[in-house]
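Me: Please take a close look at the salt bridges in this model. Which side chains pair up, where do they sit, and are they buried or exposed?

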Amino acid sequence: MSSILTVHARRLWDSRGQPTIEAEITLDNGITGRAIAPAGASRGKREAVDLRDGGIALNGKNVTQAIAGINGPIADRLTGMDISDQRAIDNVLIGLDPSPMKTVLGGNALVACSLAALHTAALNAGTPLWRHIADLYDCVPSLPLAEIQIFGGGAHAAGRVDIQDFMIMVPGASDFDEMMEITSEVYFAAGDIMASKGKRHGIADEGGWWPEFSSNEDALETLTKAIEKAGETPGKNVVISLDIAASEFRDGNGYYFSLEDRKMTTEQMISTLGGWIDSYPIVSIEDPLAEDDTDGMIAFTAQFGDRLQIIGDDYLVTNRDIVAQAISDKACNAVLLKVNQIGTVSEAIDTFMLAREAGWQSVVSARSGESEDSTISHLATGLGAGQLKVGSFQRSERMVKWNECLRIQDQIGRQNYAGGTPLSQTWWHKTSFA
Ligand code: 2PG
Ligand code: MG
């Protein structure tokens with residue numbers, strides 16, 4: 001048994017220039033592993049809370065207290081523990097902060113420690129992280145199909161358009177390499193179209209082109225044209241995936257598109273999305289309605305669940321109990337998996353297992369505030385989750401995840417790839433567009 005000798009936290013800075021935490025665990029045999037906490041901007045109301053200092057300095061976002069929690073009580077309790085027992089380590093973290101939203105020590109402190117333990121255990125076992133995860137949770141590993149953002153919007157682009165993520169997926173590519181190549185062609189085709197209209201004004205938080213559009217649908221139209229300009233047939237090898245992030249433009253009991261100055265009821269919102277689904281090659285929609293609009297989510301899933309992947313992000317916040325309720329409500333058919341929404345690896349795995357048992361799809365996801373940490377590439381692969389959402393095709397905190405997948409491809413073999421499987425083809429073949 002290799003046991004934990006020290007746990008140490010340091011302040012680093014994330015992709016938005018905000019303070020974040022890196023946790024570092026050293027074992028009695030000298031092996032050291034580390035992980036960095038990510039941070040969301042369009043956060044669910046029920047997700048684990050980052051502990052920030054508040055006050056005026058650094059816009060209240062400093063992490064002194066969260067670091068003190070790691071270097072104090074967390075280090076005291078984890079020291080001496082067996083690094084191979086992730087569940088026991090996570091149980092100690094949860095025991096130290098049993099609050100539902102991890103408000104005592106902070107979701108940022110917990111997630112950094114939990115992920116650092118996972119890394120350290122893999123290094124100690126001498127196996128790549130993805131394989132360690134597959135062994136630990138008895139999963140069949142495979143490289144994920146990527147969801148890659150072409151235009152950023154919503155909270156990641158100062159609300160310039162209402163919809164948050166306009167993404168593509170390339171289920172038709174035969175391997176991860178080819179998928180990257182086609183994605184690159186579409187990404188730069190979209191940039192060229194923006195440039196030709198004099199509307200290429202930089203990029204949004206996750207590296208997607210800045211959304212200089214006259215309407216949300218204009219973005220969809222442009223994305224479809226970009227797929228064509230890249231030499232692909234929309235709805236064949238390349239399809240569209242959206243994160244509506246509808247909680248961000250909730251307006252009382254309805255919704256409000258500020259770009260179009262349009263108020264909508266839940267029913268009108270559903271029929272607007274329905275119009276897009278009929279007109280564009282959309283196969284996946286995340287958070288189509290707001291996190292508090294359960295009736296809307298149920299109605300949307302009843303209408304489109306047999307031809308669309310419907311992902312709960314803010315709606316489910318990687319919380320097993322909330323996913324259990326949504327399974328019985330039939331309120332989605334897929335879960336977005338963000339470890340920092342719930343706090344620890346073990347809790348996120350419990351959520352993943354429950355979703356899988358219910359026959360749901362799972363999408364491992366980054367946050368809009370990221371770093372050079374590429375744990376999620378290993379998590380998506382090790383669990384055989386099927387899909388990975390990271391943001392766009394630009395900026396190193398995004399590319400590090402895709403590039404890590406390419407390194408993993410050399411270890412796992414390019415044939416072990418979730419794209420092009422009957423599973424992914426099930427839903428993209430069912431769209432009315434295909
Ligand atoms: C989301 C994520 C990533 P954030 O809504 O899915 O795009 O955004 O990290 O800001 O919650
Ligand atoms: Mg989301």
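Reply: Here is a walk through three of the salt bridges, pair by pair.

The model is predicted. It holds 27 salt bridges.

Start with Glu-24 and Arg-34. Their closest N and O atoms are 2.9 Å apart. Glu-24 sits in strand β2, residues 19-27. Arg-34 sits in strand β3, residues 32-36. The two residues are 10 apart in the chain. Glu-24 is buried, at 13% relative accessible area. Arg-34 is partly exposed, at 42%. This pair also belongs to a network: salt bridges with shared partners join Arg-10, Glu-22, Glu-24 and Arg-34.

Next, Lys-45 and Glu-291. Here the N to O distance is 3.5 Å. Both partners lie in loops. Lys-45 is in the loop between β3 and α1. Glu-291 is in the loop between β10 and α8. The pair spans 246 residues of the chain. Lys-45 is exposed, with a relative accessible area of 65%. Glu-291 is buried, with a relative accessibility of 9%, because the cut-off for buried is under 20%.

Last, Lys-389 and Asp-165. The closest N and O atoms of this salt bridge are 3.2 Å apart. Lys-389 lies in strand β14, residues 386-391, and Asp-165 in strand β5, residues 165-169, so the bridge ties together parts 224 residues apart in sequence. Lys-389 and Asp-165 are both buried.

Definitions and conventions. Residues are numbered from 1 along each chain as its sequence is written. Chains are lettered from A and ligands numbered from 1 in the order in which they are written. This is a predicted model: local features need pLDDT of at least 70, side-chain atom pairs count only at pLDDT 80 or more; totals for chains, interfaces and linings use all residues. Side-chain values use heavy atoms; hydrogens and water are left out. A salt bridge is a side-chain nitrogen of Lys or Arg within 4 Å of a carboxyl oxygen of Asp or Glu. Helices (H or I, at least four residues) and strands (E, at least two) are DSSP runs, numbered from the N terminus. Buried means under 20% relative accessible area, exposed over 50%, partly exposed in between (1.4 Å probe, protein chains only).
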